Amino acid sequence: MDDNFDFFDNENNENNGSEDSRAARVTQSGSEQPINPDAALNAGYAGYAGPAESTGRRQSHGHKRASRPANRWLRGLAGLCGLLSVVAGLVGVVHAVAPASLPSVPRSLPVPLAIGLAVIAFVLVIIARVGLPKGVSRRGVGTIAVVTGVLGLMLAGGGLLVTNMVPEGIIKAPVRDDAPTTSTTQMEHDLEQAAGPCSSGWRELGAGSYPGVSQAAACIDTRVAFVTFDSKAAASMERSAAQSMIAQQLRKRANDAQAQGDWYTLNGPLWMAVGQKSDMTTLHKTWGGTLEALGSATEQ
């Protein structure tokens, strides 16, 4: 009985020892705090935003997704306007430098068109940037449109500058010259083909009296005349003098029926013809040259 009693006493002692050791460990690690169910529940829902906030986030993300296609459309349209501005600016520069290279394009159209397209591109870029959702970077939005728009404005400015400084263009198309200046008979024949036969005959105008003039003749019936020059230098000096003299004679005879009408000159490198506009226009198809009204700028 004593042995058994000692055995149970030892077991109880061992149990008491394990409890004491656990208590010691708890004491060493710090005070043991009880588990609070409410605190655990609150901790579990700490990351939960709630139904109202979740709905707001979903609406915000939906707004961003809905605004992206419209923003891309605006940026694409702005880039297209910028590219078209560059094209119009290039056409304006080409037209200013060589007007004859684009005869079907009005000279006053490309420059205003380039400026207008560039302005539209800038406005669309501003609208696209303003319409971006908050938190989205606006850097790089519409960069292509801005760059091309600026380039289009620069080209338009260059074309406008060249047009104002050199109205006739820097590069001029070569003027066709098929007048038979070496044959007086052939020139008279071509003039009769354009203005009608010269019944009274051609009259010499005393070419020897004017330096640099090789031939000069006129027809009173059809009111046409022609002059040929010895050289291009002589033509440049004597042409304007001859035109001034003809215009002066016409003004003096303003009441004369023979002086009435729309007088034009047809000019080539070494020759000049004078007559009515309809006759000179017909002769221009045969000889080429430059057609202009007396005392006016070049028409063709």
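# Group meeting: a sheet, its helices and a surface patch

Six strands in this structure form an open sheet, in the order E1-E2-E3-E5-E4-E6, and the pairing is antiparallel. At the edges stand strand E1, residues 203-204, and strand E6, residues 290-293; each has a single partner strand, so one side of each is left without a neighbour in the sheet. Please keep in mind that this is a predicted model.

Let me start with the pair E3 and E5. Strand E3 covers residues 224-229 and strand E5 covers residues 271-276; they run antiparallel and are joined by 4 bridges. If you want one residue pair to look for, take Val227, whose bridge partner in E5 is Met272.

Two helices pack on this sheet, and I will take them in turn. Helix H6, residues 184-195, touches strand E2 (213-219), E3 and E5. The direction of H6 makes about 150° with that of E3. Helix H8, residues 277-287, also packs on the sheet, and its contacts are with E3, strand E4 (263-267), E5 and E6. For H8, the angle is given against E5, and it is about 145°.

Now strand E4. How many of the residues of E4 are buried? The count is 5 of 5, so to speak of E4 as mostly covered is fair, given that buried means under 20% relative accessible area. The side chains go two ways: Trp263, Thr265 and Asn267 point one way from E4, while Tyr264 and Leu266 point the other way, and all are buried.

E4 has pairing on both sides. With E5, E4 pairs in the antiparallel sense over 5 bridges. These two strands form a hairpin, with 3 residues between them. Within that pairing, Thr265 stands opposite Val274 in E5. With E6, E4 again pairs in the antiparallel sense, here over 4 bridges. Look for Asn267 in this case: its bridge partner in E6 is Thr290.

Next, a loop and a helix by the sheet. Arg223 is found in the loop between E2 and E3. What is the phi of Arg223? It is near 55°, which is a positive value in a residue other than glycine. Arg223 is partly exposed, with a relative accessible area of 22%. Helix H7 covers residues 232-252, and Ala233 is found in it. Ala233 counts as partly exposed because its relative accessibility is 49%. Ala233 and Pro269 are 36 residues apart in sequence, while their C-alpha atoms are 9.5 Å apart in space.

Let me turn to the surface. Which residues form a nonpolar patch there? They are Ile115, Val119, Val123, Ile127 and Leu153, and together they have about 370 Å² of accessible area. Helix H4, residues 110-130, gives the largest share of this patch, with 4 residues. Ile115 is found in H4. With a relative accessible area of 36%, Ile115 is partly exposed.

On to charged pairs. How many salt bridges does a search of the whole structure find? It finds 1. The side chains of Asp178 and Arg176 meet in a salt bridge, at 2.7 Å from N to O. Is Asp178 buried or partly exposed? Asp178 counts as partly exposed, at 45% relative accessibility. Arg176 is partly exposed too, with a relative accessible area of 38%.

Last, the protein chain as a whole. There are 8 helices and 6 strands in it. Read along the sequence, the pattern is α-α-α-α-α-α-β-β-β-α-β-β-α-β. Of the 300 residues in the protein chain, 32% are buried. The accessible surface comes to about 19000 Å², and carbon and sulfur atoms account for 59% of that. As for contacts, take those between residues at least 6 apart in sequence: 60% of them join residues at least 24 apart.

To go back to where I began: the sheet is open, with E1 and E6 at its edges. H6 and H8 both pack on the sheet. That is my part done.

How values were computed
Residues are numbered from 1 along each chain as its sequence is written. This is a predicted model: local features need pLDDT of at least 70, side-chain atom pairs count only at pLDDT 80 or more; totals for chains, interfaces and linings use all residues. Side-chain values use heavy atoms; hydrogens and water are left out. Two strands pair if DSSP finds at least two bridges between them. Contact means heavy atoms within 4.5 Å. Axes are lines fitted to C-alpha atoms, for helices over the stretch in contact, and angles run from 0 to 180 degrees between N-to-C directions. Patches are made of residues with over 30% relative accessible area and no salt bridge: like charges are joined within 9 Å, nonpolar side chains (Val, Leu, Ile, Met, Phe, Trp, Tyr) within 5 Å. Accessible areas come from the Shrake-Rupley method with a 1.4 Å probe; for residues, only the protein chains shown count as cover. A salt bridge is a side-chain nitrogen of Lys or Arg within 4 Å of a carboxyl oxygen of Asp or Glu. Buried means under 20% relative accessible area, exposed over 50%, partly exposed in between (1.4 Å probe, protein chains only).
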